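Work through the exercises below with the sequence and the model open beside you. Try each task before you read its solution.

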Amino acid sequence: MEKLKPRTLSGFMELLPAPQQKFERMLEILRKNFALYGFAPIDTPIIESAEILLAKGGGETEKQIYRFQKGDSDLALRFDHTVPLAKYVALHENELCFPFRRYAIGKVYRGERAQRGRFREFYQADIDIIGDGKLSVVNEAEIPSIIYKVFSEFGLKRFCISVNNRKILNGFYAMLGLTEKSGDIMRTVDKLDKIGPDKVRVILVEDIGLSEQDADEILRFIAIRGTNAEVLGRLEAYRGRDEAFDTGLDELTTVTKYLAAFGVPEENFAVDLTIARGLDYYTGTVYETRMLDHPEIGAICAGGRYDNLAEYYSDRSLPGVGVAIGLTRLFYVLDEQGMLNPDLLTAPADVLLLPMTDDFTAAVELATRFRNAGLRTQIYSEQKKFKAKMTYADKLGIPYVVFLGEDEIAQGVCSVKDLRTGQQVSLKPDEAVELIRKGISELNKGSVILEK
């Protein structure tokens, strides 16, 4: 029989065990920090009714969604975690306690062209806060502060969380008499970092039908730069001309104030009027996070305020705010740039236990004792030469090998070898546990990312 050539589809990431361990470490950091801020984990189905997922996706969603028929059912793979969240909250609204704070970490699917740093199947990590009728603007500052904490714990330093408010943009376009075209304008402006201002201007004039004067005015407005205080100060010059603009400016000012109070340094967040987010459901504050040394990668984390997302599923007003981290893209870029910590412990076990007797009873008992003490322990039971056993430990990066022979069993000890230093000592089981536990603790102190 002719053998099939094994292959992984383009746009799908498949990791070897060592980098997978680093990826898992990032997941652990996310879960720990999300829980620290009082977020509860939920998991929604990967497959949903296409009608549910497309209720209010807008923009490019329908073009990119994976959609298929199964019998009479029109189904689709989830595009993100936000739309399924809206369905989840509307479905369980009488059982949930508001404000409802949840996080979701899992795979999502987008049928776009696979390219560097962009995948068709990828992990997203989301946090959202859903209110009942109202939701304080303070939440809109807390969300990006959590992103700052997570990225900092990853080991990243050179990143910036860009913040804007769509009410400011809607109000500005209303001043120009362009309210009906504001959605198209914002989706075009959102592509500024990808295609540049000249091409944005061409689209605004030729495709959307703006006058050259209005296109130039828009490009001047979104090009306002400076410190956060300077940008907000220049926006004050527009106050009083549109109610939505004024509300958005008040919200943006409050968010920047509280971001500082949450401990986010100004070098890590900036008011950026180019940020609009392409999806139609955002209604207030919007965020995008970029790595300063890799702007070509685009946003690795984005989100914002959505007041009306659940309206297609419920008559109840359920405003929310949240962000999503494109975890697969971030991991890919870090790996490509050599920024993942090469010294991080990625072994599947802390200890490789080598029985030196035909009867494995004592080895099994010792392994059980180690595991009960929290040490990840593997017994090597294969009949191989000693060199092969040590090579196995070395290839997997297991830091400690424990030998247990007749002499050790008779004396009630075990021989512990640190493969990093070559040092070998005979210890009582409890002493061995403490030695190994201390060494593993030191190895786990490093961050996942070493920023250059």
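The exercises that follow concern a predicted model, and each solution goes step by step.

**Exercise 1. Two helices and their crossing**

Task: Find the angle at which the axes of α1 and α12 cross, and name the class of this arrangement.

Solution: Begin with the general idea that two packed helices are described by the angle between their axes and the distance between the axes. Helix α1 covers residues 17–36 and helix α12 covers residues 327–336, and their axes come within 11 Å of each other while crossing at roughly 130 degrees. An angle between 115 and 145 degrees falls in none of the roughly parallel, antiparallel or perpendicular classes, and α1 and α12 are therefore oblique to each other. The crossing of these two helices is, in addition, right-handed. On the side of α1 the contact is formed by P19, K22, F23, M26, L27 and L30, while α12 contributes L327, T328, L330, F331 and L334. Sorted by class, the residues of this contact are 9 nonpolar, 1 polar and 1 charged.

**Exercise 2. A second partner for the helix α1**

Task: Determine which residues of α1 meet α5, and how the residues of this contact divide by class.

Solution: Helix α5 runs over residues 138–154, and α1 packs against α5 at an angle of about 145 degrees with the axes 10 Å apart. The crossing of α1 with α5 is right-handed. From α1 the residues M26, I29, L30, K32, N33, F34 and L36 take part, and they meet I146, K149, V150, E153 and F154 of α5. This contact holds 8 nonpolar, 1 polar and 3 charged residues. Following α5 further, one finds that this helix lies across β5, β6, β7, β9, β10 and β11, and that the helix runs at about 20 degrees to β11.

**Exercise 3. The helices α7 and α8**

Task: Decide whether α7 and α8 are oblique or roughly perpendicular to each other.

Solution: The axes of α7 (residues 182–189) and α8 (residues 192–207) come within 8 Å and cross at roughly 140 degrees, and the two helices are therefore oblique to each other. In this contact I185, T188 and V189 of α7 meet L192, V200, I203 and L204 of α8, which divide by class into 6 nonpolar, 1 polar and no charged residues.

**Exercise 4. Reading the two sheets**

Task: Give the strand order of the open sheet of 3 strands and of the open sheet of 8 strands, and find the edge strands of each.

Solution: Recall that strands of a sheet pair through backbone hydrogen bonds, either parallel or antiparallel. The sheet of 3 strands has the order β2-β4-β3 with antiparallel pairing. Its edges are β2 (47–49) and β3 (67–70), each with a single partner strand, so one side of each has no neighbour in the sheet. The twist from one strand to the next averages 40 degrees. Between β2 and β4 (residues 73–77) there are 3 bridges, and E48 stands opposite A76 in β4.

The sheet of 8 strands has the order β1-β5-β6-β11-β10-β9-β7-β8 and mixed pairing, with β1 (40–41) and β8 (269–271) as edge strands that pair on one side only. Strand β7 (residues 159–165) runs parallel to β8 and is joined to β8 by 3 bridges, with V163 opposite V271.

**Exercise 5. A peptide bond and the domains**

Task: Locate the cis peptide bond that involves P99, and state how far apart the centres of the two domains lie.

Solution: The cis bond joins F98 and P99, with omega about 0 degrees, and P99 is found in the loop between α4 (82–91) and β5 (100–109). The chain is divided into domain 1 (131–306) and domain 2 (351–443), and their C-alpha centres lie 56 Å apart.

Notes
Residues numbered from 1 in each chain as written. Predicted model: local features only at pLDDT ≥ 70, side-chain atom pairs only at ≥ 80, totals over all residues. Heavy atoms only, no water. Axes fitted to C-alpha atoms, helices over the stretch in contact; angles between N-to-C directions. Helix = DSSP H or I, 4+ residues; strand = E, 2+ residues; numbered from the N terminus. Parallel < 35°, antiparallel > 145°, perpendicular 65-115°, else oblique. Left-handed = near helix turned anticlockwise from the far one by under 90°. Contact = heavy atoms within 4.5 Å. Nonpolar A, V, L, I, M, F, W, Y, C, P; charged D, E, K, R; others polar. Domains from an automatic or database assignment. Pairing = 2+ DSSP bridges.
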